[in-house]
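Subject: Structure handover

Hi,

Here is the structure I promised to pass on. Have a look at it first, and then read my notes underneath.

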Amino acid sequence: MKTAIIYAKSQHCTEKAVHELMSRLSGDIELIDLRHQSPPNLDQFDRIIIGSSLRRGKVQKEIQEFSKSNFSALQSKQIGLFVCSFNKPEIARGEMLKAYPEELHQLAKTEAIFKAELNAEKMNLLKKMLVKRLPQVVQNDLKFDDQSIDKFANRMERTYSPFM
C-alpha cells in the first residue's frame, strides 16, 4: 500500500506529527510538504493523509487549495485528516470541522486533533513572551500527544470492507 502524507508545515508540531505517523504506518510512505513541493499525482497512492496546523481556526492556505483542487481524485482514496491545535478539545473539534470541506470530512476514514507542542528552545525571545500570554498555554501542559497519533495510525491501518 502506498501512502502520501500531505501537509503544510508552519510549526514544529506538524512536522513532528508527520514523522511520527510515518513511523507507525506500513507500506511505502511519501511525505509531501506543500510549502516546499508541488502536489503529487494522486493516482499512484492508495491512501492520502492530509494535515496542517491551525492559524486563526483555519488550515494552511496550501492545504485548503490542495483539498479543493484535488477533491475528485481524493474520492477514490482512503483519506485521513488531522490538525495540530493549541486549543482545548471542544474548541479544537469545532476548528477541525471548519478546517476542511464537509465533503472531505465525509470521505475521511479517520480524523484526529493532535495537541500542538510548544518547544521553548526553538523560539526567539519575542515568541516566548507572546506565547506566555496565551490563556491555553497557562491552563494546559502543551506536550506532544503520542496516544492520538497511535490511534490515528491504527485506524488508518485497518482494512475497510463494506461487507464486514
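Below is what I found, going from the whole chain to strands, single residues and a helix pair.

A word on the ground rules. This is a predicted model, so I kept local features to pLDDT of at least 70 and side-chain atom pairs to pLDDT 80 or more, while totals for chains, interfaces and linings use all residues. Residues are numbered from 1 along each chain as its sequence is written, and side-chain values use heavy atoms, with hydrogens and water left out.

**The whole chain**

The protein chain has eight helices and six strands. Both come from DSSP runs numbered from the N terminus: helices are H or I with at least four residues, strands are E with at least two. Along the sequence the pattern reads β-α-β-β-β-α-α-β-α-α-β-α-α-α. Of its 164 residues, 43% count as buried, where buried means under 20% relative accessible area, exposed means over 50%, and partly exposed lies in between (1.4 Å probe, protein chains only). A contact here means heavy atoms within 4.5 Å. Among contacts with a separation of 6 or more, 79% are between residues 24 or more positions apart.

**Strands E1 and E3**

Strand E1 (residues 2-8) has six of its seven residues buried, so it is largely enclosed by the rest of the structure. For pairing, DSSP has to find at least two bridges between two strands. E1 runs parallel to strand E2 (residues 28-33), with six bridges, and parallel to strand E3 (residues 47-55), also with six bridges. Ile 6 is a handy residue to click on: it sits opposite Ile 32 in E2 and has Ile 50 as its bridge partner in E3. Ala 4 is bridged to Ile 48 of E3.

E3 is mostly covered too, with eight of its nine residues buried. It pairs in the parallel sense with strand E5 (residues 78-85) over seven bridges, and Ile 49 has Gly 80 as its partner in E5. With strand E4 (residues 58-59), E3 pairs in the antiparallel sense over two bridges, one partnership being Leu 54 with Val 59. E3 and E4 form a hairpin with two residues between them, and Arg 56 in the turn has a positive phi of about 55°.

**Three residues to look at**

Met 1 lies in the segment before E1. Its C-alpha is 6.4 Å from that of Asp 28, although the two are 27 residues apart in sequence. Beyond its neighbours within four places in sequence, Met 1 touches Ser 26, Gly 27, Asp 28, Asp 46, Arg 47 and Gln 78.

Phe 82 belongs to strand E5 and is buried, with a relative accessible area of 0%. Ile 113 is 31 residues away along the chain, yet the two C-alpha atoms are separated by 5.6 Å. Leaving out neighbours within four places in sequence, the contacts of Phe 82 include Ala 17, Val 18, Leu 21, Ile 49, Ile 50, Met 96, Tyr 100, Phe 114 and Phe 152.

Ser 67 is in helix H2 (residues 61-69) and counts as buried at 2% relative accessibility. With neighbours within four places again set aside, Ser 67 is in contact with Ile 50, Leu 74, Tyr 100, Pro 101 and Leu 104.

**How H1 meets H8**

Two packed helices are described by the angle between their axes and the distance between the axes. The axes of helix H1 (residues 12-24) and helix H8 (residues 146-157) come within 9 Å and cross at roughly 45°. That makes H1 oblique to H8. The axes are lines fitted to C-alpha atoms, for helices over the stretch in contact, with angles running from 0 to 180 degrees between N-to-C directions. Under 35 degrees counts as roughly parallel, over 145 as roughly antiparallel, 65 to 115 as roughly perpendicular, and the rest as oblique.

H1 contributes Ala 17, Glu 20, Leu 21 and Arg 24 to the contact, and H8 contributes Asp 146, Ile 149, Asp 150, Phe 152, Ala 153 and Glu 157. These residues divide into five nonpolar, no polar and five charged. Ala, Val, Leu, Ile, Met, Phe, Trp, Tyr, Cys and Pro count as nonpolar, Asp, Glu, Lys and Arg as charged, and the others, Gly among them, as polar.

Cheers
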